[in-house]
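Trainee: I would like a close look at one part of this chain, taken residue by residue. Please start with the cysteines and go on to the part around the C-terminal residues.

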Amino acid sequence: MGSVFNQILAASWAAILSLPARLGASAVAVFGTACVVGVFISVLSMAAGFEKTLVGAGSDSTMIVMRNGATSELNSGISNEQAQLIADAPGVRHDEAGRPVAAAELYVIVDIPTREGGNSSANVPLRGVQAHSYTVRDNLRIVEGRAFHEGQDELIVGRAAQSKFAGLNVGDAIKIGQNEWRIVGAFEAGGSVSESELWCDAPILQQAYRRGSSFQSVRVKVDGTAALDSFKKALASDPRLNVDLQSEKDYYATQSEGMTAFIKWVGYPLAILMAFGAVFGALNTMYASVSARTREIATLRALGFGSSSVICSTLVESLLLAFVGGLIGSVVVYFVFNGYTVSTMNGASFSQVVFAFAVTPELLVLGIYAVVLIGVLGGLFPAIRAVRVPIVVALRES
């Protein structure tokens, strides 16, 4: 066993030392692998970033209550009386003043110009909120300016929306519907989907869009399983309520499914097609490498090196080239795309969601799998060919 290992080590080292003599062909293999891994990770990082933005907004302790059968806030409807019943139900957390930590909210879509200029615009969520809308969400904080004053035509805007849409700087005035709104603050929410929204006082939004006293959802905080069970039973047993509830985390996970699946359906086939191209490129490179090393390989075999040693040395060379390419592709994608901000339409809410690409450790692991696959497939067949050529023929042809 030790002898075989030493042969593999010696043959592999000889192959690596001869790489500079085959620099052009080796560079082609490295470049092809870098492109495959780069495209693969960058496309899937889009899906990971979108999913992180939506699911990251969710909390297991915050429940969203909507009309029974509603698939999103946009097609839900809850009366003011129902909102009050939900807030007063058993199991809802109370603040220090004894008030239920619950917020009835209104959700409309408005058209806002993008920063790209021209006539470009996009659908942006405008949310009418109440005092506890800040506390039912985790990690939300005002980072510039101040909160809006109740009863005033004032807005606060999410940082993500501010970065992608025009006229949303603190101090700006923007015309939405028949009202002119003053931007008085900006907020962050841990990079979640809330940062793609504009917020205002719920009663003002109800008046502006003639919604009477209706809302579309109620968010409540609950403490633990027992409180959640009490809350669910209270809502289910009240004949005045016809509502469904789910945790914020589950709600946003459902909202993200369609777009995430679409991106992956595009990303995986694209990566597979490019991987085939890279494998063929690696095959050509390794066949050329084996051809250039014909005398070297034949000499090793004549000295007593076994077929397994030659095959392993060729695979080592192929894997090394693939690894270098994969490393280059991963590093380039990480520094170019990780945190790169874009916006896309969320089909569930018909509004833009601003999110950042996320090059996660899981995607880098998938990139390693792709590197190993390309390296093995690209080196295996040339390695088998190398040991099948008779030693005398190999020495004569070289």
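Mentor: Cysteine 200 is buried, at a relative accessible area of 0%. This is a predicted model, and the values below are computed from it. Cysteine 35 has a relative accessibility of 27%, so it counts as partly exposed, the class between 20% and 50%. A disulfide is a covalent bond between the sulfur atoms of two cysteines. The structure holds 0 of them.

Next, phenylalanine 355. This residue belongs to strand β12, which covers residues 351-356. Its relative accessible area is 3%, and because the cut-off for buried is under 20%, phenylalanine 355 is classed as buried. Apart from neighbours within four places in sequence, phenylalanine 355 touches Met46, Gly49, Phe50 and Thr53, and also Tyr340, Thr341, Val342 and Thr344. Alanine 48 is 307 residues away from phenylalanine 355 along the chain, yet their C-alpha atoms are 9.9 Å apart.

Valine 324 is another nonpolar residue to look at. It lies in helix α9, residues 307-337. Its relative accessibility is 34%, so valine 324 is partly exposed, whereas phenylalanine 355 is buried. Valine 324 is part of a nonpolar surface patch, together with Phe323, Leu327, Ile328, Val331, Val332, Tyr334, Phe335 and Val336. The accessible area of these residues, valine 324 included, comes to about 840 Å² together.

Technical notes
Residues numbered from 1 in each chain as written. Predicted model: local features only at pLDDT ≥ 70, side-chain atom pairs only at ≥ 80, totals over all residues. Heavy atoms only, no water. Patch = residues over 30% accessible without salt bridge, like charges linked within 9 Å, V, L, I, M, F, W, Y side chains within 5 Å. Areas by Shrake-Rupley, 256 points an atom, 1.4 Å probe, with all protein chains shown as cover. Salt bridge = Lys/Arg side-chain N within 4 Å of Asp/Glu carboxyl O. Helix = DSSP H or I, 4+ residues; strand = E, 2+ residues; numbered from the N terminus. Buried < 20%, exposed > 50% of the residue type's maximum accessible area, 1.4 Å probe, protein only. Contact = heavy atoms within 4.5 Å. Disulfide = S-S within 2.5 Å.
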